[in-house]
Amino acid sequence: MKGKTQMDKPLIIITMGDPTGIGPEIIARALSRPELAGLCRILVLGDAGAMARGITITGVSLSLEILDAGFPPTTLDHTNIYLRPLSRLAAEDMLFGKPTAASGDAMFKYITEAARLCLSGDAAAMATAPISKEAMNRAGHKYPGHTELLAELTGTSDFVMMLAGDRLRVTLVTIHEALKNVPELITMEKVLSTIRITHRDVDRYFRKNPRIAVLALNPHCGEGGLFGDEEERVIKPAIYIARKEGIDAVGPLSADTLFYFAAKGEYDAVVCMYHDQGLIPLKLLHFNDGVNVTLGLPIIRTSVDHGTAYNLAGTGQASDESMAAAIRMAAIMAVKKVNGE
C-alpha cells in the first residue's frame, strides 16, 4: 500500500467474542504482528477488563487505548490496541471457561455493533473471535451462531459458509446437520444457490473467473445409481444451469480424489455437500491458519476457524494464527471491494 496514508487503510472491526475464552489473548497476540500494520486500521469491540487481562497474559508490548464515544480517530496506529468498551463485566462473569448470561449478552452486543458499523460504511469489514453459543442463548439471543445472527442483522436469506486458506477454499451446501438428514437437504435449488454465491464472492474478493469444483454426495459419484441417485437427480442439473449462466463449475466430482488436485491449485473453490466432507481436508492443510468467511452478506465478515478453547484460556498458549489470518483476509477483501479488483 505504498503511498497510502493511514486514513486510506480500511478500518477492520474485531469483535472480542467470549471474554472468558481465548478471544482477548489471541487478539492481543495477533495485533502485535507487525505485518498487519501496513494493511489496515483496527478497532476492537469488547470489554476493557478482559482486554487488559489478555494483554497482561500474553505479555505483548502494546498499550490499551479506550475509545468511549465517537468514531475512532483516523490516526489509529499499531503501538496501541484501540478498544470501544461495550460491556463492563463483573469478576464473576469473567472466570476463565465459565461463560454466563451476562458474558453471553456482551458477545451479542459486540457482534451487533460491528455489523452496524459495517452496514453504515463506517467500517470496511469485521473479523470475529469465537463465541459461546450456549451463553448467548442463555442471555436470550436464540441463534445457532454468528452466521445466522449476521444474516438477520443484514437482511440476508441466502448465505454460504466458506473455510479458506492459501491452498484450499471450501464452501458448504449444508452445515451443522445430522448426517442422516443431509440427503434430503441436498436440493437442486440449494446446490445451485451455493455455486452462484461461491462464484460471485470468490470472483469479487479472491480470483477473477474462478474455477469451481462441485463434489458428489455419494462414493464414486453414486456409481451409476448403485450408491445413490443425488448426483444425477440433483447435483448435475444444478451444475448444468450454473454453466449456462457462465459459471465455470465442474462436476460432480468424487471427494476421495478431488482434493489432491484442488490443493495443487487446479480449482479456486470446492463446493461440498456436507460439513465434514469439506472441513476434514481444509483442517488437514490449514489447521492453524484457516479462516471462516461468510459469503453472500452485504458486508465482509471473516472469523477464526476454531472455538473458545476454554482449556487454554488464561494460559497465554493459544495460537493467534487463525485470528491474524482472519484480520489479514478481511483487510485484503476490503481493499479489493473498494478497488473493484
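The exercises below work through one predicted protein model, each followed by its solution.

Local features need pLDDT of at least 70 and side-chain atom pairs count only at pLDDT 80 or more, while totals for chains, interfaces and linings use all residues. Residues are numbered from 1 along each chain as its sequence is written, and side-chain values use heavy atoms, with hydrogens and water left out.

**Exercise 1. Overall form**

Task: State how many helices and strands the protein has, and decide how its radius of gyration fits its length.

Solution:
- Step 1. The protein has eleven helices and twelve strands. These are DSSP runs numbered from the N terminus: helices are H or I with at least four residues, strands are E with at least two.
- Step 2. The radius of gyration is 20 Å, close to the 20 Å from the globule rule for 341 residues, so the protein is as compact as a globular protein of that length. The radius is taken over C-alpha atoms, and the rule is 2.2 Å times the number of residues to the power 0.38.
- Step 3. Along the principal axes, the C-alpha atoms fill a box of roughly 60 × 45 × 35 Å.
- Step 4. Of the 341 residues, 54% are buried. Buried means under 20% relative accessible area, exposed over 50%, and partly exposed in between (1.4 Å probe, protein chains only).

**Exercise 2. Two buried strand residues**

Task: Place G46 and N292 in their strands and list what each touches.

Solution:
- Step 1. G46 belongs to strand β2 (residues 41–47). Its relative accessibility is 0%, so G46 counts as buried.
- Step 2. Contact means heavy atoms within 4.5 Å. Not counting residues up to four places away in sequence, G46 touches M16, L83, R84, P85, L86, S87 and Y110.
- Step 3. One of these is L86. G46 and L86 are 40 residues apart in sequence, but 5.6 Å apart in space from C-alpha to C-alpha.
- Step 4. N292 belongs to strand β11 (residues 291–295). With 11% relative accessibility, N292 counts as buried.
- Step 5. Leaving aside neighbours within four places in sequence, N292 is in contact with M161, M162, L163, R301, T302, S303, V304 and D305.

**Exercise 3. Aromatic pairs**

Task: Find how many aromatic pairs the structure holds and classify each pair.

Solution:
- Step 1. Rings of Phe, Tyr and Trp (its six-membered ring) pair if their centres lie within 6.5 Å; planes under 30 degrees apart count as stacked, over 60 as edge-to-face and the rest as tilted. The whole structure holds two such pairs.
- Step 2. F108 and Y143 have ring centres 6.5 Å apart and planes at 20 degrees, so this pair is stacked.
- Step 3. F108 sits in helix α3 (residues 101–120) and Y143 in the loop between α4 (133–138) and α5 (146–154), and 35 residues separate them. Both F108 and Y143 are buried.
- Step 4. Y260 and F261 have ring centres 5.1 Å apart and planes at 85 degrees, so this pair is edge-to-face.
- Step 5. Y260 is exposed at 52% relative accessibility, and F261 is partly exposed at 33%.

**Exercise 4. Backbone details**

Task: Locate the cis peptide bond from G251 to P252, and describe N209 and H220.

Solution:
- Step 1. The bond from G251 to P252 is cis, with omega near 0 degrees; P252 lies in strand β9 (residues 248–253).
- Step 2. N209 is not a glycine, yet its phi is positive, about 50 degrees. N209 lies in the loop between α7 (188–205) and β8 (211–215) and is exposed at 64% relative accessibility.
- Step 3. H220, also not a glycine, has a positive phi of about 55 degrees. H220 lies in the loop between β8 and α8 (230–244) and is partly exposed, at 48%.
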